[in-house]
Amino acid sequence: MFLDFLRVYNGPITWDMLSHPKLLTVYHYFHYITFILTTYLSLLACYIILKKSSKAMGFYKYVLLNSLFWNYFLDTLYFLYIPVNLFPYFVIYSAGVLNFLSPNTFMGVFYCLGFVLLGVVQSMSMALFYRV
């Protein structure tokens, strides 16, 4: 639909064409609800892994906790930043809590995201190699 508009419209794309405040509001509510659900379900999963798991799981319960920690940390970082894409351009801006920081801090967020993604990959590879 939007690409058809771009083929027909040959002029410059304005901010009014890219910005959708109603859609951004729905996007915010979606992120808030999913982050609250993720928090409660992560706490429940942590409780089940620590208290209700059998002794036969042994070391693997700590592998699961490692994976749970890194995935929750990634969800928290994503919730704090809430990136909004301005399609068709390769432009992203923050609509979350971190939007009050200066634009120079984006590299810090980017490095933090890279560190967390490495942790997620490490936890997934551990879960793959140490599975029962």
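This passage describes the helices, the buried residues, the aromatic pairs and a surface patch of one predicted chain.

The model is predicted, so that local features are reported only at pLDDT of at least 70 and side-chain atom pairs only at pLDDT 80 or more, whereas totals for chains, interfaces and linings use all residues. Residues are numbered from 1 along each chain as its sequence is written, and side-chain values use heavy atoms, with hydrogens and water left out.

The chain contains five helices and two strands, where helices (H or I, at least four residues) and strands (E, at least two) are DSSP runs numbered from the N terminus. Along the sequence these elements follow the order α-α-α-α-β-β-α. Of the 132 residues in the chain, 23% are buried; here buried denotes under 20% relative accessible area, exposed over 50%, and partly exposed the range in between (1.4 Å probe, protein chains only). The accessible surface of the chain amounts to about 10,000 Å², and carbon and sulfur atoms contribute 74% of this area. Accessible areas were computed by the Shrake-Rupley method with a 1.4 Å probe, and for residues only the protein chains shown count as cover. Among contacts (heavy atoms within 4.5 Å) between residues at least 6 apart in sequence, 63% join residues at least 24 apart.

Helix α3 comprises 31 residues and reaches 45 Å from its first C-alpha to its last, close to the 45 Å expected at 1.5 Å a residue. The expected span is 1.5 Å times one less than the number of residues in the helix. The buried residues in α3 are H28, H31, F35, S42 and I49, and their cover includes α4. H31, with a relative accessible area of 6%, is therefore classed as buried. Beyond its neighbours within four places in sequence, H31 is in contact with Y78, F79 and I82. A45, also located in helix α3, is partly exposed at a relative accessible area of 26%. The C-alpha atoms of A45 and L64 lie 9.5 Å apart in space, and the two residues are 19 apart in sequence.

Helix α4 has 22 residues, for which a span of 32 Å is expected at 1.5 Å a residue; its end C-alpha atoms are 32 Å apart, in agreement with that value. Y60, K61, V63, L65, S67, W70, T76, L77, F79 and Y81 are the buried residues of this helix. These residues pack against α3, β1 (83-85), β2 (92-94) and α5. After α4 comes I82, which has a positive phi near 40°.

The 24 residues of helix α5 (residues 106-129) should span 34 Å at 1.5 Å a residue, and the end C-alpha atoms are indeed 34 Å apart. Within α5, V109, V116, G119, V120, S123, M126 and A127 are buried. The cover of the buried residues of α5 includes α4.

Nine aromatic pairs are present in the structure. Rings of Phe, Tyr and Trp (its six-membered ring) are paired if their centres lie within 6.5 Å, with planes under 30 degrees apart counted as stacked, over 60 as edge-to-face and the rest as tilted. In one of the nine pairs, the ring centres of F35 and Y72 are 5.9 Å apart and the planes meet at 20°, so this pair is stacked. The pair joins distant parts of the chain, since F35 belongs to helix α3 and Y72 to helix α4 (residues 60-81), 37 residues apart. F35 is buried at a relative accessible area of 18%, whereas Y72 is partly exposed at 25%. F110 and Y111 form a tilted pair, with 6.5 Å from centre to centre and 55° between the planes. F110 counts as partly exposed at 44% relative accessibility, and Y111 as exposed at 58%. In addition, ring pairs link Y32, F35, Y72 and F79 into a cluster.

A nonpolar surface patch is formed by Y29, Y32, I33, L37, L41, L44, Y47 and I48, which together present about 840 Å² of accessible area. Patches consist of residues with over 30% relative accessible area and no salt bridge, like charges being joined within 9 Å and nonpolar side chains (Val, Leu, Ile, Met, Phe, Trp, Tyr) within 5 Å. A salt bridge is a side-chain nitrogen of Lys or Arg within 4 Å of a carboxyl oxygen of Asp or Glu. Y47 of this patch is situated in helix α3 (residues 21-51) and is partly exposed, with a relative accessible area of 44%.
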